[in-house]
Amino acid sequence: MSAAATADVAPLGRMLVTQTRFQLLTRLRIPAFSVLSLGLPVMFYALFNAIYGSTKLNGVTGSEFILVSYATYAVANVMVFNFGMGIANERGRKLDLLQRAMPLPPIVAAVAQVVAALLFALIALLILFAYAFLVGGVRLGVGIWLDLLWRLIIGAFPMIGLGMAIGYGVGPNTAPAVVNAVYLPMAFLSGIFFPLRLMPDFLQKIGQTLPTYHYAELGWNVLGGGVADESVLRALLWLAGWAVVLLGLAVRIYRLDESRKFS
Amino acid sequence: MQPAVVELIDAHKRYGHVEAVRGVSLAIHRGELVAMLGPNGAGKTTSINLMLGLRKPTSGGARLFGLDPDDRRARSRCGVMLQESGVPDTLTVRELLELFGSYYPHPMAPERAIALAGLEEQARQQAGKLSGGQRQRLYFALAVCGDPEVIFFDEPTVGMDVEARHAFLHTIREFGREGKTIVLTTHYLEEADQLAERVIVIDRGVVIADATPAEIKSSVVGKRVSFITMQQLKEDDLTGLRYSRLEIDGDRVRLFTNTPETLLRELFGRGVDFHDLEVVGADLEEAFLALTGEAEKETVA
């Protein structure tokens, strides 16, 4: 108690927990974000599951395959919309200024943003998993569910970089345009919505370089049965490369924004 | 000796080609109520930003409690109400106070900050649903919630109506009584006059005056003697009297002087008839115009 009474700064751990909690709450209460990020993946899953759910390939059902597809889509959506556009909106409304004048280290605020986004993604996944289990009748072993969850989190880092680059790079008015120009083609060419092999050759070639494609491959791989085209190692290496590039870009953009406003 | 709470040492700040602050030196000590006064674009906000470490001086220095203003130990002793800033609309008043309190080592209970700001009825409302005046009070609550030793207010009453402004200034003054140091920028002269014990006048990025409101007023124009007379007074009738400026506006005569007693005795002696006589200290507005006008002349010359 006496140590606390003489402390001249607040404990960072408590600050990080509080900051993360309220960051998550802020986003959950914005209907546009919660509907988009929590509802859309379930909606797509329900639709495509109704069409292809009962197909089967090497023991893997369509329901399972589509679940993994929209699980990666759900996480990517959270990172781009919720996290990326959320930051752009907050900057546009100058939420960063007052925060910056507080005894809150900028790194704590940034880490809280990322952790809150991951928690939001986790909520989106749990809703999707619950729907797939209850309505889609997907039955995977506990180990497989956990393996899938772990892959979805590890594979999200390139998208965290993309979201952060958009969030700190452009204003709230430009962000939707940038998201449409960058993320939409990425999602479209990932093979999540349509199998990549049904697309023209050159689009397949482009698609196979994108982080969203390798993210989906990493996920599908968990199902076995040869439904993924790529080995786990290869997918992980591609994703690591993209994470370095996009997070590197994001940090550069963050620093630029920082030095423009606060130097 | 304890270091000054806030210190700027020959601070310069340049944005591109514009030098917003051109060599400001000042020290603000514990318990002072200071108003930084100046027209828009004078460099007040930049000065505050330098004190807070939100901006870095191009040359010269800024210290907060003797530390770098970026230092978390210094920041933890400061509360801030900025001119342009926002908070998440979807959090409630109480939640925001809990959040901002977590940044400080010894925050006050959210309820106390809410009471100080008079937001009891809005405590469970989301920030986005508050009115303009309530929002300003929320920012005040956020500024005090860490129980800081010094609070910076950058143009806190902009956009408030007269009543709200009055109530708000009262709140700040009450808070200042607890031995807090208060630094406030304003371009409302009346506000500086009412609130501050010390006024720092800034114009075009330099300090042109630093004194008590009374001193600033008296140093420039002293008192204003105003009366109505039926006689047609002319400037010739007043030769030999000590005054700095004469205004004749129909029957109304206004004289600015540092020695109103002597002036009035002389006028009585000369048989001037008075109605509606007033002797008042010239207000800060007039002092201010005189001060900034002089600075302008110097700059031109």
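Let's start with how chain B is divided: its domain assignment gives domain 1, covering 6–217, and domain 2, covering 222–281. The C-alpha centres of domain 1 and domain 2 of chain B lie 42 Å apart. Keep in mind as you look around that this is a predicted model.

Now go to the start of domain 1. Here you'll find an open sheet of 3 strands in chain B, in the order S2-S1-S4, with antiparallel pairing. Strand S2 (18–28) and strand S4 (59–64) of chain B stand at the edges with a single partner strand each, so one side of each has no neighbour in the sheet. Neighbouring strands here aren't lined up perfectly: on average they are turned by 25° against each other, ignoring direction. What holds strands together like this? Strands of a sheet pair through backbone hydrogen bonds, and they can do it parallel or antiparallel.

Take a look at one pair in this sheet. Strand S1 (residues 6–15) of chain B is joined to S2(B) by 8 bridges, and the two run antiparallel. To find your bearings, pick out B:Val6, which stands opposite B:Ile28 in S2(B). Then look for helix H1 (residues 44–52) of chain B, which lies across S1, S2 and S4 of chain B and runs at about 120° to S1(B).

Next, move along to helix H4 (residues 110–117) of chain B. Which of its residues are buried? They include B:Pro110, B:Ala113, B:Ile114 and B:Ala117. If you look down the axis of H4(B), its buried residues fall within an arc of 100°, so they line one face of the helix. What do they pack against? The partners of the buried residues of H4(B) are helix H3 (93–101) and helix H5 (132–144) of chain B. Just after H4(B) comes B:Gly118, with a positive phi of about 65°.

Further along chain B there's a hairpin. Strand S8 (residues 198–203) and strand S9 (residues 206–211) of chain B run antiparallel and are joined by 5 bridges. Within that pairing, B:Val199 stands opposite B:Ala211 in S9(B). The hairpin has 2 residues between its strands, and B:Arg204 takes a positive phi near 50°.

Finally, let's see where the two chains meet. The contact takes 25 residues from chain A and 24 residues from chain B. On the side of chain A that touches chain B, helix H2 (12–28) and helix H5 (95–101) of chain A each supply at least two residues. H2(A) gives the most to that side, with 6 residues. Sorted by class, this side of chain A has 16 nonpolar, 3 polar and 6 charged residues.

Technical notes: Residues numbered from 1 in each chain as written. Chains lettered and ligands numbered in written order. Predicted model: local features only at pLDDT ≥ 70, side-chain atom pairs only at ≥ 80, totals over all residues. Pairing = 2+ DSSP bridges. Helix = DSSP H or I, 4+ residues; strand = E, 2+ residues; numbered from the N terminus. Axes fitted to C-alpha atoms, helices over the stretch in contact; angles between N-to-C directions. Contact = placed C-beta atoms within 7 Å. Domains from an automatic or database assignment. Nonpolar A, V, L, I, M, F, W, Y, C, P; charged D, E, K, R; others polar. Buried ≥ 20, exposed ≤ 12 C-beta atoms within 10 Å, placed from the backbone. Arc of directions from axis to C-beta.
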